[in-house]
Amino acid sequence: MKILVAGGAGYIGSCCTEYLLDHGHEVVVFDALLNGHRAAVDERATFVHGNLQDAAAIDAALAAARPEGVIHFAAFIEVGESMTDPGKYFRNNVSCGLNLLEAAVRQGVRKIVFSSTAAVYGMPQTIPIPESEPTLPVNAYGESKLIFERILGWYERIHGLRYTALRYFNAAGATVRCGEDHNPESHLIPIVMQVAEGRRPQVTIYGHDYPTPDGTCIRDYIHVLDLAQAHLLALESDAVGCFNLGSGSGHSVRAVIDTVRAVTGRDLPVVEAARRAGDPPRLISDSSAARRVLGWAPRFDDLHAIVDSAWQWRQKHPHGYAR
Ligand code: UFG
């Protein structure tokens, strides 16, 4: 297949691009490089430097590439920032995404796969979380993704543009070429690794009084390559709708820190602090629908292996993608 990947220079987008190329597909990456890295884009891909806010640019890129499928990763992802500057999130994650959808319809794209999030559930009551759980986001980031999922539903109904929205839980790990390099970094695993590298003095645990066995938040960490596999299956499938993607296992913040300690063999000073606003105590995915309908079979079922892949990438790229 020929596939256009919007946001293919970001963390999950670049890993997915590499996976698609490794599986014999042709990829055009469209990215504004606002947060992504040019060096993250696989040399086998065609790179188009463009911003989805420029409707003519994405239209031209799709007209030139004529892809069968589009994967849409291009979005802002910082939950905290979305609560201080919601307009930035609705403009980029909704309005700019609409330019991509309009162009996809005009250019006759068959299928779009959309990068959604467990944040659409807000504070879920059912664990593990099925797709039937009410979607009640507690931050503007999650709301922006939910609005876009609903827009996709209308484009399917009115224009026949088939879509799959993939609701990721906590993406983690690295491929041989691509890893996580955000600036500033806010995600737990890379932050703990920065402490292991001596680039931060300590890990701060946000909240130690949650109703969980060790008092810290529980998350479902899923390897980026397993996410990438689901994107390809979704492109190949006729299934329309939203699917959770997680490992189905939960790990507390303390368990993550212990795993990084075991993988790196480094000392990791820890301090406990107040809860971070908007953090649900426990997010664990029920991904049985993705397994059943898409034929998804995640390969990394163990946090140690996920953390180990991230650590190996960091050792090869101590400054991330910066020269
Ligand atoms: N945490 C710490 N200390 C840190 C960083 C994080 O204790 O320095 C804790 C958080 O409070 C949370 C857990 O580690 O309990 C995981 O935090 P992350 O920031 O790594 O990930 P989140 O679960 O908050 O968010 C992730 C994605 C979001 C997405 C969300 C959906 O980053 O984009 O999952 O569940 F919206």
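**Exercise 1: A strand and its neighbours**

Find which residue of β6 stands opposite isoleucine 112, then describe how β5 is paired and how well it is covered.

*Solution.* Let's begin with one pair of residues: isoleucine 112 stands opposite tyrosine 163 in β6. Keep in mind as you look that this is a predicted model.

Step 1. Now widen the view to the two strands. β5 and β6 (residues 162-168) run parallel and are joined by seven bridges.

Step 2. Turn to another partner of β5. Strand β4 (residues 69-72) pairs with β5 through four bridges, again in the parallel sense. Here, histidine 72 stands opposite phenylalanine 114 of β5.

Step 3. Check the cover. β5 spans residues 111-117, and seven of its seven residues are buried.

Step 4. Sort the side chains by direction. Lys111, Val113, Ser115 and Thr117 point one way, while Ile112, Phe114 and Ser116 point the other way; both groups are buried.

**Exercise 2: Serine 309**

Decide whether serine 309 is buried or exposed, and list what it touches.

*Solution.* Step 1. Locate the residue: serine 309 sits in helix α10, which covers residues 303-316.

Step 2. Apply the cut-off. A residue counts as buried when its relative accessible area is under 20%. Serine 309 has 15%, so it is buried.

Step 3. Look for contacts, leaving out residues up to four places away in sequence. Serine 309 then touches Gly173, Ala174 and His223.

Step 4. Zoom in on one of these. A polar side-chain atom of serine 309 lies 3.1 Å from the backbone nitrogen of alanine 174.

Step 5. Finally, try a distance. From serine 309 to phenylalanine 148, 161 residues apart along the chain, the C-alpha separation is 32 Å.

**Exercise 3: Around the ligand**

Work out how many residues surround the ligand and which are the closest.

*Solution.* Step 1. Count the shell: 21 residues surround the ligand, and the closest are His187, Thr204, Arg219, Arg276 and Asp279.

Step 2. Sort the shell by class. You should get 13 nonpolar, five polar and three charged residues.

Step 3. See which elements contribute. Both α6 (188-196) and β8 (203-206) supply at least two residues each; β8 gives the largest share, with three.

Step 4. Examine individual atoms. Histidine 187 places a polar side-chain atom 2.7 Å from a ligand oxygen. Threonine 204 uses a backbone N or O atom, 2.7 Å from a ligand nitrogen. In arginine 276, a side-chain N or O atom is 2.7 Å from an oxygen of the ligand.

Step 5. Finish with the surface. The ligand alone exposes 680 Å², and the protein buries 92% of that.

Notes:
Residues numbered from 1 in each chain as written. Predicted model: local features only at pLDDT ≥ 70, side-chain atom pairs only at ≥ 80, totals over all residues. Heavy atoms only, no water. Near = heavy atom within 4 Å. Polar contact = N/O pair within 3.5 Å; in protein donor to acceptor, adjacent residues only side chain to side chain. Areas by Shrake-Rupley, 256 points an atom, 1.4 Å probe, with all protein chains shown as cover. Nonpolar A, V, L, I, M, F, W, Y, C, P; charged D, E, K, R; others polar. Buried < 20%, exposed > 50% of the residue type's maximum accessible area, 1.4 Å probe, protein only. Contact = heavy atoms within 4.5 Å. Pairing = 2+ DSSP bridges.
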